[in-house]
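Dear colleague,

I am handing over the structure we spoke about, and my notes on it follow below. Please read them with the coordinates open beside you.

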Amino acid sequence: MRHLYESTLKRVFGYDSFRTGQHDIIHAVVEGHDVLAVMPTGAGKSLTFQLPSYIKNKGLTVIVSPLLSLIEDQMQHIRARGERGVARLTSMESAEEKQEIINQLKRYRFLYLSPEQLAVPYVTRALSNVSVQMLVIDEAHCISQWGHEFRPEYARLGELRKQIGSPQCMAVTATAPENVKRDIIEKLALFTPEQFVHSANRPEIRLVVERLDKERKLERLKELIQNIPKPAVVYTATRREAEALAFELDDALFYHGGMSTEDRRLVQSQFLRDEVSVMVCTSAFGMGVNKDNVRSVVHFQIPATVEAYMQEIGRAGRDGQPAFAILLYAEGDERIQQFLIDGQYPKDEDVRMAYFESENGTAITQLPRLLRMSEEESKFLLLKQLLTERSLQEALEWVKERRRDRYRQLGQMMDYALIRTCRRDYLLRYFSEPTIEQEECCDICGEIIYPETSTIVRENVTEWKIRLTQIFSFE
Ligand code: ADP
Ligand code: MG
């Protein structure tokens, strides 16, 4: 078997050896087990659900993914290796294109879709009529209301799995503490799953928190950017701040979800090709970005959860070389996250109004206008789901509890910023992992020194700029 896996790895993917953990996961999948795999970002999870398809060589692998950009990225990779048996069902395909794909499901090896598309009745029906070899839930933490990116549409996946004939199921994610793991297993009804949980620790990343006055933050960021090794990613909480900071820093571009797809692609590719050394962005940047030489990740604002923080700093040092994760924290910074959390849930009066209106026969399609919400925003999707599943009292309670959970999670992230004991230890305990001792750990364990090389790069650029001015002043 070992030989077969390895030859398939070489033949289909062009790689010489498996990365840590991949082989065992693939084996469990080939043996037909349900699988839960928790591995850090960049560890190579996609390969673990794609390779078994070439071993079994029959049936369709259906992959549920939360973001169009992730689906696009994976399809590009698959097509680039010459695989033509891959299709997707997303909001980008026209009704005719979808029908075409549905009619020819048997021709495909991989089908990527969003949870919403899987829930479309004719899609579910079509899938129940073909042989689905495996259902893969990528970014499975989205299933759990304890996960940092809970998505209401993910909650239906267990039921949809049944409707398509309860195929073998594999859930993969980069970040899942104990309660999220339990939730994933339960919601998907995984049958005595084989679990592969790899340490969340990233030994190459040094952890630093700087506490400072609000007024000093910008100045300090500018200083830091001169001193830390690059390429660097700077995370902010809002789009506006991302733009403002990029303007303040040298050699920096910004990226956020409010930009056109084209602009985002352009900015991203400039960063990927090292044409610009600093990317200032919101959390929209990162998922599916393959860049292994990011040396520093700076947080200008505290993120909402420890999981989100781990995902974001996990983009540094993927090549295994030393990297830095620096959080700048000023007292009161958490208020922006509290504000954002509040905005993600309907207010009590909105919940009451929605229930009142729908009891009085108002169509659900009318509600967004009455509530002044967009029909796509998560607040409304949530409300729609509550309306079908719960009484008014239950709905109010549910929203209140969810908001409380999110505040609690934010509190845990603040503890990380304020703690006076080892920061790595804190993160590992958060993910229920044992302590690890290492050199070059965090600012509590010892002083973290940024390597000199970064300033040399900077001087070159300045020198080049001076030379340019000199050239022009000759004229
Ligand atoms: P994850 O989903 O775990 O974040 P991906 O599946 O996107 O990671 O893989 C990250 C990168 O690693 C991809 O570019 C992939 O092609 C590459 N990769 C995966 N497995 C191997 C391997 N065995 N050898 C070399 N590169 C690999
Ligand atoms: Mg992935």
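To begin inside the sheet, strand 2 (residues 60-64) and strand 5 run parallel and are joined by five bridges, and within this pairing Val62 has Leu135 of strand 5 as its bridge partner. Please keep in mind throughout that this is a predicted model.

Strand 5 (residues 132-137) also pairs on with strand 6 (residues 168-173), again in the parallel sense, over four bridges, and here Leu135 has Cys169 of strand 6 as its bridge partner. Leu135 is thus a bridge partner both of Val62 and of Cys169. As for its surroundings, strand 5 is mostly covered, with six of its six residues buried.

Taken as a whole, the sheet is open and is formed by seven strands in the order 3-4-2-5-6-1-7, with parallel pairing. Strand 3 (86-89) and strand 7 (194-197) stand at the edges with a single partner strand each, so that one side of each is left without a neighbour in the sheet. From one strand to the next, the twist averages 15 degrees. At the edge formed by strand 3, the pairing with strand 4 (residues 110-113) is parallel and comprises four bridges, and Ala87 has Leu111 in strand 4 as its bridge partner.

Two helices deserve a note alongside the sheet. Helix 9 (residues 178-187) lies across strand 1 (35-38), strand 6 and strand 7, and its direction is at about 155 degrees to that of strand 1. Helix 3 (residues 45-56) is mostly covered, since ten of its twelve residues are buried, including Leu47, Phe49, Leu51, Tyr54 and Ile55, but also Lys45 and Gln50. Just after helix 3, Asn57 takes a positive phi of about 60 degrees.

Further along the chain, helix 18 (residues 392-418) is packed against two other helices. With helix 19 (residues 423-430) the packing angle is about 160 degrees and the axes are 9 Å apart; because angles over 145 degrees count as roughly antiparallel, helix 18 and helix 19 are described in that way. The crossing of helix 18 and helix 19 is right-handed, and in it Gln412, Asp415, Tyr416 and Ala417 of helix 18 meet Arg423, Tyr426, Leu427 and Tyr430 of helix 19. By class, this contact of helix 18 with helix 19 has five nonpolar, one polar and two charged residues.

With helix 15 (residues 348-359), helix 18 packs at an angle of about 155 degrees, the axes being 10 Å apart, which makes helix 15 roughly antiparallel to helix 18. Helix 15 likewise passes helix 18 in a right-handed crossing. The residues that meet here are Asp348, Val351, Arg352 and Tyr355 in helix 15 and Leu392, Ala395 and Leu396 in helix 18, and they divide into five nonpolar, no polar and two charged.

Finally, there is one residue towards the start of the chain that I would ask you to look at. Asp16 is placed in the loop between helix 1 (2-13) and helix 2 (22-30); is Asp16 buried or exposed? Its relative accessible area is 61%, and since exposed means over 50%, Asp16 is exposed. Leaving aside neighbours within four places in sequence, Asp16 is in contact with Leu9 and Lys10, while its C-alpha atom is separated by 7.6 Å from that of Glu6, ten residues apart along the chain.

With best regards

Note on methods:
Residues are numbered from 1 along each chain as its sequence is written. Chains are lettered from A and ligands numbered from 1 in the order in which they are written. This is a predicted model: local features need pLDDT of at least 70, side-chain atom pairs count only at pLDDT 80 or more; totals for chains, interfaces and linings use all residues. Side-chain values use heavy atoms; hydrogens and water are left out. Axes are lines fitted to C-alpha atoms, for helices over the stretch in contact, and angles run from 0 to 180 degrees between N-to-C directions. Angles under 35 degrees count as roughly parallel, over 145 as roughly antiparallel, 65 to 115 as roughly perpendicular and the rest as oblique. A crossing is left-handed if the near helix is turned anticlockwise from the far one by less than a right angle, and right-handed if clockwise. Contact means heavy atoms within 4.5 Å. Ala, Val, Leu, Ile, Met, Phe, Trp, Tyr, Cys and Pro count as nonpolar, Asp, Glu, Lys and Arg as charged, and the others, Gly among them, as polar. Buried means under 20% relative accessible area, exposed over 50%, partly exposed in between (1.4 Å probe, protein chains only). Two strands pair if DSSP finds at least two bridges between them.
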